[in-house]
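I opened a new notebook page for this protein chain. My aim was to look up its overall form, its core and one helix packing.

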Amino acid sequence: DRKPVSKEDSSLETIVRRFQDSMSVSKRHAFWETQPVGQFKDVGDSSLREGPIEPPTPLSEVKPEPYNLPSPYEWATCDMESEETCNEVYTLLMNNYVEDDENMFRFNYSKEFLSWALRPPGYFKSWHIGVRAKVSKKLVAFITGIPARIRVRDEVVKMAEINFLCVHKKLRSKRLAPVMIKEVTRRVHLENIWQAAYTAGVVLPTPITTCQYWHRSLNPKKLIDVGFSRLGARMTMSRTVKLYKLPDSPVTPGFRKMELRDVPAVTRLLRNYLSQFVVAPDFDEDDVQHWLLPFESVVDSYLVESPETHEITDFCSFYTLPSSILGNQTYSTLKAAYSYYNVATKTPLLQLMNDALIVAKQKDFDVFNALDVMENESFLKELKFGPGDGQLHYYLYNYRIRNELKPSELGLVLL
Ligand code: MYA
């Protein structure tokens, strides 16, 4: 029931889980069957039109009061500008958020990351929803939305991006998640927004596409020591270290860190690039400044400025998302970089991404992760990424897509 902390794929468990996933279309979903999402029974029904599944209702018909929680709990809007609240959210997620299938790693989003991810231009505080124990006031569950404009084919749709759904381990399987999803839906509706986008590691009705994580070792010795990867067949540690060696610094002339003055050029480059995908964000300059301007230990962005014309021709970015290593004597954290948005118009994408790997290595990341979205397939194998055991399913709420998309038709990366 999660978004995967993917690690290198080498196990029978993966085959078993894939099989179970493939059978899960026949599973009943008491909650999801009541929601305006593509239902499994409708897969392949070409009489259904693309677009909103339900029309918006008048705002006066949106339930004005919150949904009921079990009586020991109460709703709490989380002020992510408050350091204290940010700490509470951080701690809940650090101890209870997404783990890999074998419970070896757990996402450990930093406070700075959470504060950045939840406060983009035009964000709503009311969409940062906590559940507290009434007596102790302890934060026991969380779900968030942020506003986004997402283009589906030639339609730009106002949506909420839903993320950080988390229920404390001791409160699992009590049907709290459906109440939280209904409550965030209600609060999104109150802002006159009727669609949402989200990702999950679990199969629900019905993914618009299913992507795979790929991993590029930067610090193979540590990755092997902590069980993230395994020594390949007929490989020694020293051959492995040599295999993943990278140059000390980027090779592309004019490769440099993005700066504030680059926002207009990067916006143009990115908008033009993303226009080719079926589903992609509709970024303006404010969005680019928020999401892509480098922010220490949160997001890194580089570009290529032509040494002759000073034109910005290429761009690459990644975000920082460490995972806690559960129960290792030597190491407590896996430092992971996640490929974000990349655009190559002049430099070959392969070379650009190799430079991204080089700077990630310089910054001491252990691994560089990427999904097979956009044009990523074109560099994964050549740059020595290996397939992960984690799948990531993408979903839209109250918006039907007629046929499943290929990962390469998707231009959206959610954090
Ligand atoms: S994905 C990350 C999710 N978080 C984790 O994996 C962290 C670790 N796990 C947990 O904290 C809990 O296991 C969670 C479930 C909270 C996930 N997305 O309360 P329950 C359905 C959607 O008894 P619990 C992310 O953050 C499940 O199929 N539904 O279960 C994006 C079942 O329904 P049904 C999920 O294990 C979130 C019901 O919940 C997920 O205690 C997008 C069981 O509830 C999941 N990841 O708690 C949310 N996992 O019977 C949707 C389970 O029908 C947003 N379930 O199968 C939709 C758009 C809303 C806005 C609309 C605006 C217009």
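The entries below go from the whole chain to single contacts.

Entry 1, the model. I noted that this is a predicted model, in which local features need pLDDT of at least 70, side-chain atom pairs count only at pLDDT 80 or more, and totals for chains, interfaces and linings use all residues. Residues are numbered from 1 along each chain as its sequence is written, and side-chain values use heavy atoms, with hydrogens and water left out.

Entry 2, the whole chain. I found ten helices and 17 strands; these are DSSP runs, helices (H or I) of at least four residues and strands (E) of at least two, numbered from the N terminus. Of the 415 residues, 56% are buried (under 20% relative accessible area, with a 1.4 Å probe and protein chains only).

Entry 3, the core. I looked up the largest nonpolar core and found 81 residues; such a core is a set of buried Ala, Val, Leu, Ile, Met, Phe, Trp, Tyr and Cys residues joined through side-chain atoms within 4.5 Å. Val 279, Tyr 340 and Tyr 341 have the most contacts inside this core. Helix 7 gives the most to it, with seven residues. Apart from this core lies another, of 30 residues, including Ile 143 and Leu 176.

Entry 4, a contact list. Leaving out residues up to four places away in sequence, I saw that Val 279 touches, among others, Ile 150, Ile 208 and Leu 405 (contact means heavy atoms within 4.5 Å).

Technical notes. Buried means under 20% relative accessible area, exposed over 50%, partly exposed in between (1.4 Å probe, protein chains only).
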